[in-house]
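Student: Could we take a close look at a single part of this protein? I would like to follow one helix and what surrounds it.

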Amino acid sequence: MAIRVAHIGTGNVGRIALSELIENPGFELTGLCVSADEKVGKDAGELAGLDVKTGILATKDLDAVLATEPECAVYCAMGDNRMPQAMEDVRKILAAGINVVGSAPVVLQFPWHVMPDKYIQPLEEAGRLGNSSIYINGVDPGFVTDLVPLAFASTCQSIEQVRCMEIADYATYDGAIVMFDVMGFGKPLDEVPMLFQPGVLGIAWGCGIRQLAAGLNISLDSITESYEREPAPEAFDVAAGHIPKGGVAAVRFEIKGMVGDHAAIVVEHVTRLREDLRPDWAQPAQPGGSYRVEITGEPSYVVDICPTSKKGDHNYAAIAAGAGRIVNAIPAVIAAPPGIRTTLNLPLVSEVELFSAP
């Protein structure tokens, strides 16, 4: 019997997640919530980029969507620049007795020791009240910082360091809010964007670092963060907009989980808007972008993950992977005990009907 699922948010991740909910016979879409006025009243199939009519029309009324009595809600609304609202949304959904999988709020991947208990407890209480659970995941932080390194670490006799990397050209990524407001691309070097405000990197990727540390039984003493930026040598355009000469056109940042003065777990991002910028920084394993997990230990590993797609480039493929990670977890999350669930306490996701003959 198909699982009844509601969907919230039709941005870059949400649009792809919605398409799976519509096309996969394992799911029955019950309602769709959006934030943009121009999307209200449109069919879910159109907003998912599919040539189908579902009869499910988009609304801005979250209560109306929850009233359709889904077993689970897929939450893909923006969380980067509206954390309090996103936290309240998922609390409300849980309290209504509806399970949640989502791409935001990112910190809920593993919030312990990352955010104060006063923000965690209302969600745990809502889960107990509604007998519902929540699982937030993605790519990075997501399966590149939990599932993949933990799988390879399980073969090691000893581990000195785990490094998880995203190395990507974002020129084709059209998320203007993330690109300009959050990451600060195109901005002057003397302007510090939201992502590089003190402590933000440590919160955004601290959840992944803390979860990996818990999975490896590593007791961290601190989390440190650092970044560097490169200006554009001349003006050029990308999918999200215009980059002026001298505006930020490449960034590299690291978040480190420290044991004493040793970096035991490292998340590193190298993000360019042109492949010729900062050739001295790490290079991807395939044109455009890839992910890399490096384990230094016995034995040591270098694992390159190269997402590709028939429907788009490396950026589309990575977003599709993040969407698939949460949607495919729906049966496991519904079956899980109430409260915040993580990759550490969910079974390997494999129950959704995914096979499709070419």
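Which residues are buried in H1?

Tutor: Happy to help. This is a predicted model, where local features need pLDDT of at least 70, side-chain atom pairs count only at pLDDT 80 or more, and totals for chains, interfaces and linings use all residues. Residues are numbered from 1 along each chain as its sequence is written, and side-chain values use heavy atoms, with hydrogens and water left out.

In H1, the buried residues (under 20% relative accessible area, 1.4 Å probe, protein chains only) are Asn12, Gly14, Ile16, Ala17, Leu18, Ser19, Glu20 and Leu21. Helix H1 itself covers residues 12-23; helices here are DSSP runs of H or I with at least four residues, strands are E runs of at least two, and both are numbered from the N terminus.

What do those buried residues pack against? Their partners are strands E1 (3-8), E2 (27-33) and E3 (72-75), together with helices H2 (44-47), H10 (314-327) and H11 (330-335).

Let us stay with H10. The axes of H1 and H10 (lines fitted to C-alpha atoms over the stretch in contact, with angles from 0 to 180 degrees between N-to-C directions) come within 8 Å and cross at roughly 55°. Contact, meaning heavy atoms within 4.5 Å, is made by Asn12, Val13, Ile16, Ala17, Glu20 and Leu21 of H1 with Tyr316, Ile319, Ala320, Ala323, Gly324 and Val327 of H10.

On the E3 side, valine 74 has contacts beyond four places in sequence that include Ala17 and Leu21, as well as Ile326 and Ile330.

Terms used. Expected span 1.5 Å × (residues − 1). Buried < 20%, exposed > 50% of the residue type's maximum accessible area, 1.4 Å probe, protein only.
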